[in-house]
Amino acid sequence: MFERPINRRQFLGSSAGVIGLGALGTLGAIDFLAACGSPSATATSSPSPRPPISAENGNLSVLDWGGYEAGGTKAQTSGLLAGTDYTKKYGASGITYAYITNDDQGLQKATSGGPFDIMHPYHENIQDYVNRGLVQPWDTSLLPSFGELNPYLVKAAQVNNKQYLIPWDWGYGSLLYRTDKVDPADATGWELAWNPKYSGKVSLWNGASTNFEIAGLKLGYPSMDNLSDSQLAAAKASLIQQKPLNKLYWDSEYNQEQPNFQSGTVWITYAWQDSLVSMAAAGLKCAFLNPSQGRLSWFGGFMLGAKTQNYYHAHEYVESYINQAACVQMTNLFYYGTANTKVTPDLIKDKTLADSLDLANPQAITSGTNHLQSWAPNRSKLELAWQEVVAS
């Protein structure tokens with residue numbers, strides 16, 4: 001483990017890569033997303049005349065999650081290859097990073113900080129970035145690897161048929177729990193986080209929208225991102241009821257969530273699938289809950305700052321992330337899916353992981369009972385409700 005800001009994935013050492021073979025098997029119904037064919041939604045943009053790349057200063061300001069820094073920068077300590085093509089060509093000294101700790105904080109930082117040339121939000125916030133005028137569409141003709149990207153994700157990342165987000169990474173969210181501490185009869189759904197038997201041994205993420213999605217599913221509201229006023233009130237009451245059982249709302253996956261779980265401080269925690277691999281590698285008996293109400297799923301990617309003065313540099317930077325080599329290495333390193341359809345099973349070192357790839361299903365993250373985290377039209381009410389939960 002290495003210290004860095006919270007992100008949705010983890011650098012796995014060589015031992016985790018071996019033990020992860022068995023751990024990934026406990027994911028049950030999870031299908032790692034890949035796709036076949038080329039995107040049918042090939043959105044392009046026809047930008048107004050711009051200075052050539054040689055006239056740009058190349059000083060990129062990037063708002064991202066820790067661990068996703070470009071290869072070749074001093075900030076990149078996890079061994080990620082993505083971005084290396086860019087830094088080899090233009091150098092690494094011109095790139096600066098600001099960090100996202102959760103989706104809501106990332107949107108706030110993008111709004112009040114910056115301006116940023118590139119931002120790395122997730123699907124549920126695309127509309128917010130567009131509504132606030134923080135971003136502009138990409139010119140996909142400047143991205144040689146764009147035609148290799150999953151067509152479903154490409155389309156889902158558009159607003160008004162314009163490509164505002166270039167999809168890159170995806171995964172799942174659920175409760176990670178200790179199988180030697182939690183009664184199997186209790187591990188059936190999201191209500192596990194509300195079970196008084198485990199008071200003080202539960203830890204949810206400090207993310208407003210995610211917790212309301214969890215509460216919504218637990219209460220039987222499958223439209224978890226479009227709660228009515230009465231449903232939002234019920235979800236808030238449910239989260240207030242859960243709060244006394246909660247050890248803490250964790251902010252950092254690597255400084256809080258995983259250390260607390262590994263030490264036994266908590267037995268049940270909201271997590272992403274990489275934590276299962278890591279904790280199993282550490283020798284813990286644990287499982288990634290397959291709730292009866294369905295898991296959360298997400299995908300993210302790159303958005304182009306509305307005020308960028310490095311338009312062409314930004315496109316080359318993103319191309320260095322979405323190309324096949326970078327995507328294969330990210331999946332092998334972090335055990336997360338990527339949007340590039342050329343990531344095939346024979347390129348995955350962990351054969352159990354390779355066997356889990358659902359190549360024929362470009363919509364795996366919305367298949368079955370998986371719930372893709374999406375935009376909440378009542379975000380302001382949701383954020384206010386979350387403040388009331390925290391203050392309760």
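**Exercise 1. The second largest cavity**

What is the volume of the second largest cavity? Name its lining residues and sort them by class.

Solution.
- The model is a predicted one. A search of the whole structure finds 2 cavities of 30 Å³ or more.
- The second largest cavity has a volume of about 30 Å³.
- Its lining consists of Trp65, Ile100, Asp103, Gly106, His120, Pro121, Tyr122, Asn125 and Tyr129.
- By class, this lining divides into 5 nonpolar, 3 polar and 1 charged residues. Gly counts as polar and Tyr as nonpolar in this scheme.

**Exercise 2. The largest pocket**

State the volume of the largest pocket, and find which helix gives the most to its lining.

Solution.
- The volume of the largest pocket is about 260 Å³.
- The residues that line the largest pocket are Asn102, Asp104, Gln105, Leu107, Gln108, Arg132, Asn206, Gly207, Ala208, Glu383, Trp386 and Gln387.
- Two helices, helix 3 (103–112) and helix 13 (379–391), each supply at least two residues of this lining.
- Helix 3 gives the most, with 4 residues.
- Sorted by class, the lining of the largest pocket has 3 nonpolar, 6 polar and 3 charged residues.

**Exercise 3. Helix 3 and the loop after it**

Determine which residues of helix 3 are buried and what they pack against. Then describe the backbone at Gly114 and Pro115.

Solution.
- In helix 3, the buried residues are Asp103, Asp104, Gln105, Gly106, Leu107 and Ala110.
- Among these, Asp104, Gln105 and Leu107 also line the largest pocket, while Asp103 and Gly106 line the second largest cavity.
- The buried residues of helix 3 pack against three strands, namely strand 2 (60–64), strand 3 (95–99) and strand 4 (118–119). They also pack against helix 4 (126–131), helix 6 (208–218) and helix 13.
- Just after helix 3, Gly114 has a positive phi of about 75°.
- The peptide bond from Gly114 to Pro115 has an omega near 5° and is cis. Pro115 sits in the loop between helix 3 and strand 4.
- For background, most peptide bonds are trans.

**Exercise 4. Positive phi outside glycine**

Give the phi values of Asn160 and Asn161, place both residues, and decide whether each is buried or exposed.

Solution.
- Phi is near 55° at Asn160 and near 65° at Asn161.
- Most residues other than glycine have a negative phi.
- Asn160 lies in the loop between strand 6 (158–159) and strand 7 (162–163), and Asn161 lies in the loop between strand 6 and strand 7 as well.
- The cut-off for exposed is a relative accessible area over 50%. Asn160 has 68%, so Asn160 is exposed. Asn161 has 57% and is therefore exposed.

**Exercise 5. The nonpolar core**

How many residues does the largest nonpolar core have, and which have the most contacts inside it?

Solution.
- The largest nonpolar core has 106 residues, and Trp168, Tyr270 and Tyr317 have the most contacts inside it.
- Strand 8 (residues 166–178) provides the largest share of this core, 7 residues.
- Beyond its neighbours within four places in sequence, Tyr270 contacts Gly173, Ser174, Leu175, Trp190, Ser203, Leu204, Trp205, Thr210, Ile214, Trp250, Glu257 and Leu296.
- In soluble globular proteins, nonpolar side chains tend to be buried together.
- Across the protein, 59% of the 392 residues are buried.

**Exercise 6. A buried glutamine**

Locate Gln242, classify its burial, and list its contacts beyond four places in sequence.

Solution.
- Gln242 lies in helix 7 (residues 229–242).
- Buried means under 20% relative accessible area; Gln242 has 0%, so Gln242 is buried.
- With neighbours within four places in sequence left aside, Gln242 is in contact with Ala193, Trp194, Val202, Leu204 and Tyr249.
- Gln242 and Leu204 are 38 residues apart in sequence, with a C-alpha to C-alpha separation of 9.8 Å.

**Exercise 7. Cysteines**

How many disulfides does the structure hold? Classify Cys286 and Cys327 by burial.

Solution.
- The structure holds 0 disulfides.
- Cys286 has a relative accessible area of 11%, so Cys286 is buried.
- Cys327 has a relative accessibility of 0% and therefore counts as buried.

Technical notes. Residues are numbered from 1 along each chain as its sequence is written. This is a predicted model: local features need pLDDT of at least 70, side-chain atom pairs count only at pLDDT 80 or more; totals for chains, interfaces and linings use all residues. Side-chain values use heavy atoms; hydrogens and water are left out. On a 1 Å grid over the protein atoms alone, a cavity is a set of points where a 1.4 Å probe fits but cannot get out, and a pocket is an open set with protein on both sides within 12 Å along at least five of seven lines; lining residues have an atom within 4 Å of a point. Grid points are joined across faces, edges and corners, and a volume is the space filled by probe spheres set on the points. A nonpolar core is a set of buried Ala, Val, Leu, Ile, Met, Phe, Trp, Tyr and Cys residues joined through side-chain atoms within 4.5 Å. Buried means under 20% relative accessible area, exposed over 50%, partly exposed in between (1.4 Å probe, protein chains only). Contact means heavy atoms within 4.5 Å. A disulfide is a pair of cysteine sulfur atoms within 2.5 Å.
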